[in-house]
Amino acid sequence: MTGTADRAQPAAERDRSTRAAVATIYRLTSGHRAAVVVACALALAGSALGLAQPLVAKHTVDASGRGQPVWPLLLVLAVLFVAEAVTGAVGRFVLERMGEGVVRALRHSLVARLLRLEMAEYDRHRSGDLISRVTADTTLLREVVSQALVDLVTGTLVALGAVALMLWIDPLLLLLVALTVVIAAVVVASLLRGIRAASERMQTSVGAIAADLERALGALPMVRVHRAEAREAARIGERVEAAYGAGVRTAKLASFMSPAVELAVQGSFLIVLVIGGLRVNGDAHTLGDLVAFLLYASYLVLPLSSVFRAVGLIQRGMGAYQRIEYALGLPAEPPPRRPTPAAHARDRARPAPSYEQPALALRDLSFGYDPDRPVLKGVTFSVPRLRQTALVGRSGAGKSTVFALVARFYEPDSGQLVFDGRPATALSRAACRERIAVVDQNTYVVHGTLWDNLAYAAPGATESEVRGVIELAQLEGVVRRLPGGLHGMLGERGGTLSAGERQRVALARALLARPGLLLLDEPTSHLDAVNETALTTVMTDIARECTVLVIAHRLSTVQHADQIVVLDDGRVADCGRHEDLLTRSPTYRELAAGQMLRPAAVPPPSGPAAHPRRRGGG
């Protein structure tokens with residue numbers, strides 16, 4: 001969704017300078033400053049030990065020339081070498097652990113954000129691309145955080161230390177070395193902007209690969225039946241080629257950096273060897289001075305290389321961080337607040353809703369996914385408590401949109417939703433959702449056991465409660481068939497179940513939550529005639545214990561409903577019982593005629609009948 005990526009660009013993209021990128025990385029490590037300080041201290045200590053080695057080598061060469069014993073100096077040199085290696089290893093571990101900590105925090109934040117995004121954002125973004133921001137982008141950023149920042153700081157400090165000692169030994173040679181380094185720095189600086197842009201394109205292409213692959217795997221039976229494997233492979237292959245092209249461009253630009261640094265190094269060595277060798281005269285410029293200067297020149301290479309590499313890595317990482325920051329900035333639902341004691345007291349003092357008060361009321365409700373194309377236009381109706389209300393109408397009339405608004409997935413453009421006499425705007429989204437359970441026409445079965453799926457809405461449910469909803473939803477056969485029974489695995493998206501069985505699993509899960517209002521969206525769409533008749537009876541029984549609002553295209557399922565609301569083109573065309581609507585509603589009569597329905601027989605009774613209340617006031 002490229003259009004959305006252009007909205008509200010984050011600060012990381014507005015300022016692409018290396019300074020801004022370093023500031024961003026520093027901000028990311030705000031909770032790990034102690035680790036950064038320790039890592040920098042260890043890195044500096046290791047570098048100091050390394051910087052001391054050329055001086056010891058200088059004295060060793062000079063002592064050998066004077067015929068003095070050199071073994072104590074060699075011992076000191078060995079100790080310095082081992083201490084540098086140990087210090088570097090410990091510092092690297094601290095860095096890696098800090099990098100993992102930063103990525104862990106980012107992944108927690110991303111997961112929490114993505115799970116609470118406004119539903120409209122899922123319409124605008126592909127789920128596979130959002131997932132890649134949690135996985136691929138944070139992995140790239142880990143390398144930046146764990147290496148680049150400390151390499152940049154310590155490399156700069158060590159380079160300054162080496163330069164100071166080289167200045168002390170021979171200022172003229174240092175000036176010649178500096179000229180070659182400046183030339184390399186100019187080349188590197190010219191490449192950084194291109195590296196970052198190419199990295200951003202590569203990360204975007206990787207996200208598109210994940211999104212397209214998730215699209216194909218999510219509809220794999222359709223892909224197989226229509227022999228579309230080659231087409232899907234070609235589609236995903238285009239994304240792979242785009243990622244390859246961006247990766248190759250990044251590598252090409254980065255490859256120019258390495259020769260620039262290598263030429264600077266080789267040029268420096270040649271200059272030092274030729275000019276420094278000519279200037280050795282045994283007095284002002286000894287052979288030991290030349291050896292020490294050469295060693296410092298070689299030591300200067302490592303910190304300078306680490307600085308150049310860190311700057312390039314930071315620019316590549318900013319491409320990943322921009323995608324992460326964008327995801328973290330997407331609009332999300334507020335997290336549910338923990339009720340205060342005062343709120344608990346108010347809820348206890350509030351009288352329970354009366355039977356005469358509707359469980360749900362829609363008052364002049366209007367809504368459109370696109371503001372210029374309304375789906376619902378002034379919808380008004382009430383859902384009586386402990387009764388079964390059906391929503392019927394042609395496809396596209398707005399039935400599923402009503403459910404989406406009742407579940408607070410979207411907010412109406414105008415009008416009001418009322419739960420148990422209280423406006424939805426006076427309740428949190430969590431409080432509204434506590435009152436309802438939904439069985440969607442696209443039944444959701446997650447990877448896991450049958451128990452995991454049934455108890456998803458009520459993790460604390462007992463086995464007797466689970467067995468009760470299994471019996472009510474007629475899932476006993478599934479339990480007997482599954483290896484492991486209730487604890488048998490259902491496979492990815494419930495692949496071991498038929499469509500009708502998945503629908504009954506969703507129904508049982510909803511019933512286990514003991515809702516005050518049960519929303520059923522096409523509950524019989526995947527059932528045969530026998531099971532449809534059985535489910536119709538079940539819905540009548542459920543309506544004695546909780547309010548039921550059901551969407552149905554098969555009018556035979558709801559012809560015994562206490563109330564049928566007819567939607568037509570986003571408006572309520574009529575409302576009443578089956579027999580009355582057949583007489584007075586042309587829209588309903590047309591729907592019924594298409595299914596050859598006649599006036600129903602005596603409907604079975606429904607209503608409160610002194611049945612216990614359910615949670616949410618129903």
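The predicted model holds 19 salt bridges. One of them joins the side chains of R429 and E333, with an N to O distance of 2.8 Å. This pair links distant parts of the chain. R429 belongs to helix α14, residues 429-434. E333 sits in the loop between α11 (287-328) and α12 (341-349). The two residues are 96 positions apart. Both R429 and E333 are buried.

A second salt bridge pairs R385 with D420, at 3.1 Å from N to O. R385 lies in the loop between β2 (376-383) and β3 (388-393), and D420 lies in the loop between β4 (414-419) and β5 (422-423), so the contact ties together parts that are 35 residues apart in sequence. R385 has a relative accessible area of 1% and is therefore buried. D420 is also buried, at 9%.

A third salt bridge is formed by the side chains of R584 and D574, with N and O 3.2 Å apart. R584 lies in helix α21 (residues 578-584) and D574 in strand β10 (residues 571-576), so this pair ties a helix to a strand across 10 residues of sequence. R584 counts as partly exposed, because its relative accessibility is 43%. D574 is buried, with a relative accessible area of 16%. Salt bridges with shared partners also build a network. Its members are E118, E333, R408, E411, R429 and R433. The R429 and E333 pair described above thus has both of its residues in this network.

R408 is also notable for its backbone. This residue follows helix α13, and its phi is positive, near 60°. Helix α13 itself spans residues 399-406 and is mostly covered, with 7 of its 8 residues buried. The buried positions are K399, T401, V402, F403, A404, L405 and V406.

The structure also holds 3 aromatic pairs. The ring centres of F367 and Y369 are 5.0 Å apart and the planes stand at 80°, so this pair is edge-to-face. The cut-off for that class is an angle over 60 degrees. F367 counts as buried, because its relative accessibility is 5%. Y369 is partly exposed, at 45%. The rings of F367 and Y410 have centres 5.6 Å apart and planes at 45°, so this pair is tilted. The F367 and Y410 pair links distant parts of the chain. F367 lies in strand β1 (residues 360-367), and Y410 lies in the loop between α13 and β4, 43 residues apart. Y410 is buried, with 14% relative accessibility. Ring pairs join F367, Y369 and Y410 into a cluster.

At the surface, L44, V153, L157 and L160 make a nonpolar patch of about 320 Å². Helix α7 (residues 127-169) supplies the largest share of this patch, with 3 residues. L160 lies in helix α7. L160 counts as exposed, because its relative accessibility is 55%. An α-helix has 3.6 residues a turn, so residues three or four places apart point the same way.

Overall, the protein has 22 helices and 10 strands. Of its 618 residues, 46% count as buried. The accessible surface comes to about 30300 Å². Carbon and sulfur atoms account for 62% of that surface. Among contacts with a separation of 6 or more, 76% are between residues 24 or more positions apart.

Confidence varies along the chain. The mean pLDDT of the protein is 77. A pLDDT of 70 or more is reached by 83% of the residues. Over residues 1-14, pLDDT stays under 50. The model has 23 contacts beyond four places in sequence for this stretch. Over residues 607-618, the pLDDT is below 50 as well. This second stretch has 35 contacts in the model beyond near neighbours in sequence. Where pLDDT is low, the predicted coordinates should not be read in detail.

Technical notes
Residues are numbered from 1 along each chain as its sequence is written. Side-chain values use heavy atoms; hydrogens and water are left out. Buried means under 20% relative accessible area, exposed over 50%, partly exposed in between (1.4 Å probe, protein chains only). Helices (H or I, at least four residues) and strands (E, at least two) are DSSP runs, numbered from the N terminus. A salt bridge is a side-chain nitrogen of Lys or Arg within 4 Å of a carboxyl oxygen of Asp or Glu. Patches are made of residues with over 30% relative accessible area and no salt bridge: like charges are joined within 9 Å, nonpolar side chains (Val, Leu, Ile, Met, Phe, Trp, Tyr) within 5 Å. Accessible areas come from the Shrake-Rupley method with a 1.4 Å probe; for residues, only the protein chains shown count as cover. Contact means heavy atoms within 4.5 Å. pLDDT is the predictor's confidence in each residue, from 0 to 100. Rings of Phe, Tyr and Trp (its six-membered ring) pair if their centres lie within 6.5 Å; planes under 30 degrees apart count as stacked, over 60 as edge-to-face and the rest as tilted.
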